[in-house]
Amino acid sequence: MKREDYIEWDEYFMGVALLSAKRSKDPNTQVGACIVNEERRIIGVGYNGLPKGCSDDEFPWEREGEFLDTKYPFVCHAELNAILNSTKTLKNCTLYVALFPCHECSKAIIQSGIKELVYLSDKYCGTKSDMASKRMLDAAGVKYRKLESKLEKLELSFKASDY
Ligand SMILES: [Zn+2]
């Protein structure tokens, strides 16, 4: 009899996105993304962070204040990083991300050729950025769906004695 409590593909790829988010230095928001092709191969991962050469210790992580004193003009979102990090063409790929993409990332998603989005939370639903995202994704024929999973948490052990 085969093992029954293995994780589904969707859970696995979302898990890779969530694990990638753990690399983020942002004190408030950690988002990861994972791009998968039609053969279920991972071809790109990313998390929110500063562009190459921009020091995590010198650039601001604030959310409030003068525009140039906040993180907003500098941080590259997880989705965009995953797209830019990808090793192959993204035509007909699926992007896994915990948070529904903002309008800027949605443009990059559409232009890259990604055809499906899978997310966990749509907490900014109804905001202007979200409305712009969905308007563009709908027009471009990019499908999106919330991950259906019975999993609430998944634990990884790094303890040698567990193996
Ligand atoms: Zn974004």
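Student: What makes His-77, Cys-102 and Cys-105 the protein donors of the zinc ion?

Tutor: Good place to start, and keep in mind that this is a predicted model. A donor is an N, O or S atom within 2.8 Å of the metal. ND1 of His-77, SG of Cys-102 and SG of Cys-105 lie 2.0 to 2.3 Å from the zinc ion, so they count as donors under that cut-off. Water is not among the atoms, so a site may look incomplete.

Student: What spacing do the donors of the zinc ion follow along the chain?

Tutor: The spacing is H-x24-C-x2-C. As for their surroundings, Cys-102 and Cys-105 are both buried, a term that stands for under 20% relative accessible area.

Student: Which residues of helix α2 are buried, and what covers them?

Tutor: Helix α2 spans residues 78-85, and its buried residues are Ala-78, Glu-79, Asn-81, Ala-82 and Ile-83. Their cover includes the strands β1 (32-36), β2 (42-47) and β3 (94-99), along with helix α3 (103-112). Here a contact means heavy atoms within 4.5 Å.

Student: Where do these elements belong in the overall order?

Tutor: The protein has 4 helices and 5 strands, and along the sequence they follow the pattern α-β-β-α-β-α-β-α-β.

Student: Why is Asn-92 called partly exposed?

Tutor: Partly exposed is the range between under 20%, which is buried, and over 50%, which is exposed. Asn-92 has 32% relative accessibility, so it counts as partly exposed. You will find Asn-92 in the loop between α2 and β3.

Student: What is notable about phi in Asn-92 and in Arg-40?

Tutor: Most residues other than glycine have a negative phi. Asn-92 has a positive phi of about 65° without being a glycine. Arg-40, also not a glycine, has a positive phi near 60°, and Arg-40 sits in the loop between β1 and β2.

Student: How do you know that the radius of gyration agrees with a compact globule?

Tutor: For 163 residues, a compact globule would have a radius of gyration near 15 Å; the protein has 17 Å, which agrees. The C-alpha atoms fill a box of roughly 60 × 45 × 30 Å along the principal axes.

Student: What share of the residues is buried, and what supplies the exposed area?

Tutor: Buried residues are 39% of the 163. The protein exposes about 11,100 Å², with carbon and sulfur atoms supplying 52% of that area.

Student: And how many charged side chains are there?

Tutor: There are 24 positive and 25 negative side chains, and the centres of the two sets lie 5 Å apart.

Terms used:
Residues numbered from 1 in each chain as written. Predicted model: local features only at pLDDT ≥ 70, side-chain atom pairs only at ≥ 80, totals over all residues. Heavy atoms only, no water. Helix = DSSP H or I, 4+ residues; strand = E, 2+ residues; numbered from the N terminus. Rg over C-alpha atoms; globule rule 2.2 N^0.38 Å. Buried < 20%, exposed > 50% of the residue type's maximum accessible area, 1.4 Å probe, protein only. Areas by Shrake-Rupley, 256 points an atom, 1.4 Å probe, with all protein chains shown as cover. Lys, Arg positive; Asp, Glu negative; His and termini not counted. Charge placed at Lys NZ, Arg CZ, Asp CG, Glu CD. Donors = N, O, S within 2.8 Å, 3.2 Å for Na, K, Ca; no water.
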